[in-house]
Amino acid sequence: MRVLHLYAGNLFGGVETYLVTLAKTQALMPQMQHEFALCFPGRLATELTQAGAVVHELGAVKIRNPWQVWQARSRLRTVLRRGGFDVVICHACWSQAIFGTVVKSQRLPLVFYCRDTLSGQSWLEQLAKWTVPDFVVANSRYTQSTLATVYPGVPSQVVYHPVLSAGEGDRAEIRRQMRDEFQTPEDRVVIVQACRMERWKGHELLLLAVEKLKHVPNWEVWMVGGAQRPHEQIYLASLQAQAATLGISDRIKFLGQRSDVPKVLAAADVHCQPNSGGEPFGIAFIEALYAGLPLVTTAIGAATEIVDSTCGYLVPPGDSQAIAQCLERLITNPAERDRLAQGGFARANLLCNPVQQLTKLHSVLAQRTAVSQRGADPIALSVME
């Protein structure tokens with residue numbers, strides 16, 4: 001089965017991590033050959049190429065420029081006519097809105113990969129509505145529950161992301177090297193947040209929580225993630241100012257964009273991301289669990305599908321006091337950290353084992369292509385397996 005993935009490619013976050021994982025795990029599921037079509041050069045295209053994937057360049061696109069849309073659609077049409085693909089997946093509403101009609105015109109099965117909560121209200125979702133996919137893959141039950149606002153009646157299935165563990169290696173040496181780089185003593189408890197610089201990810205709430213722990217010795221926070229867009233740069237500056245106002249600048253380290261996040265996680269002790277909005281899935285949570293980090297996050301979105309009592313704490317949204325209490329317990333109780341760390345790997349592997357999830361994705365797509373070839377859809381899939 002040959003699969004073409006359509007995406008923008010100008011940023012780097014959860015979607016991009018997923019696509020790179022598909023490229024890196026190609027040998028685990030040789031029955032499914034992945035290729036990628038992107039509109040923008042950048043880190044995603046580079047990492048896909050380094051992983052040995054075929055990347056088709058469609059050209060930069062801004063929807064407000066009709067000629068760019070036309071040119072990119074024309075290039076995609078050429079790729080589809082030459083490629084012999086069995087199914088095409090549009091990741092996010094942007095790709096669906098721009099390229100869905102081209103895929104349909106080539107009579108290929110069109111799959112929409114739902115990676116965010118949908119409301120049906122945004123202009124981009126309104127554009128995406130015009131092209132109804134044959135099938136939807138959702139990255140969580142949470143995102144699947146919102147599909148009816150844009151694609152009512154379209155069959156769907158939840159497939160959690162395949163996520164690679166960082167592997168073995170000398171964890172003690174990695175920890176030493178990273179802590180030396182960040183000038184962090186070995187015995188200091190490190191709370192890490194590794195995600196995009198988006199306000200709803202809860203950085204501000206984390207700062208408010210740890211401000212309540214000034215009296216607790218021997219901890220610091222690493223905030224990992226660079227500002228990729230102007231509003232993220234403004235947000236990052238506001239976080240730095242907030243840390244100064246709260247009097248905790250000496251305990252907060254902004255590490256910027258990193259390409260070695262698994263190593264950073266291996267050198268930390270606790271992962272805290274207290275979202276103020278629902279996480280569509282949360283690859284960062286799974287990566288932290290693989291690294292043996294207890295999780296502290298809010299009980300909203302797909303976090304409730306990932307975090308249980310074996311690996312972390314779920315707290316009410318917006319409750320900085322509850323976050324502070326959980327963090328203090330983990331900072332001061334190494335045995336509790338160890339208990340949750342031991343449960344973390346098993347939990348991550350249960351949900352996101354690469355072979356398991358790639359097999360499930362292959363099964364879903366094979367069923368979809370078989371239905372398209374028959375010209376009828378006898379099954380409406382809307383269950384989580």
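Helix 8 passes helix 13 in a right-handed crossing. The model is predicted. The axes of the two helices, helix 8 and helix 13, come within 8 Å and cross at roughly 60°. Elsewhere, an open sheet of seven strands has parallel pairing.

**Helix 8 and helix 13**
- On the helix 8 side, the contact is made by L205, L206, L208, A209 and V210.
- Helix 13 contributes S320, I323, A324 and L327.
- By class, the residues of this contact are eight nonpolar, one polar and no charged.

**Surroundings of helix 8**
- Helix 8 spans residues 203–211, and its buried residues are H203, L205, L206, L207, A209 and V210.
- Those buried residues pack against three strands named here among others: strand 8 (189–194), strand 9 (219–224) and strand 10 (252–256).
- Strand 11 (270–273) is also packed against by the buried residues of helix 8.
- The helices they pack against are helix 9 (230–246) and helix 13 (320–332).

**I248**
- I248 sits in the loop between helix 9 and strand 10.
- Its relative accessibility is 1%, so I248 counts as buried.
- Leaving aside neighbours within four places in sequence, I248 is in contact with L207, V210, E211, K214 and A243.
- I248 and I331 lie 83 residues apart along the chain, and their C-alpha atoms are separated by 17 Å.

**The seven-stranded sheet**
- The strand order is 3-2-1-4-5-6-7.
- Strand 3 (54–57) and strand 7 (156–158) stand at the edges. Each has a single partner strand, so one side of each is left without a neighbour in the sheet.
- On average, neighbouring strands of this sheet are turned by 25° against each other, direction ignored.
- Strand 5 (residues 110–114) and strand 6 (residues 135–138) run parallel and are joined by four bridges.
- Y113 has V137 of strand 6 as its bridge partner.

**Helices on the sheet**
- Helix 1 (residues 14–24) packs on the sheet and touches strand 1 (2–7), strand 2 (33–38), strand 4 (87–91) and strand 5.
- The direction of helix 1 makes about 155° with that of strand 1.
- Helix 2 (residues 43–50) lies across strand 1, strand 2 and strand 3. Helix 2 runs at about 155° to strand 2.

**Annotated region**
- An unreviewed UniProt entry carries the annotation "domain: Glycosyl transferase family" over residues 176–344.
- Over residues 176–344 the chain is 44% helix and 17% strand. The end C-alpha atoms of this stretch are 22 Å apart.

Methods. Residues numbered from 1 in each chain as written. Predicted model: local features only at pLDDT ≥ 70, side-chain atom pairs only at ≥ 80, totals over all residues. Heavy atoms only, no water. Buried < 20%, exposed > 50% of the residue type's maximum accessible area, 1.4 Å probe, protein only. Contact = heavy atoms within 4.5 Å. Pairing = 2+ DSSP bridges. Axes fitted to C-alpha atoms, helices over the stretch in contact; angles between N-to-C directions. Left-handed = near helix turned anticlockwise from the far one by under 90°. Nonpolar A, V, L, I, M, F, W, Y, C, P; charged D, E, K, R; others polar. UniProt positions renumbered as here; feature names shortened; annotations may be inferred.
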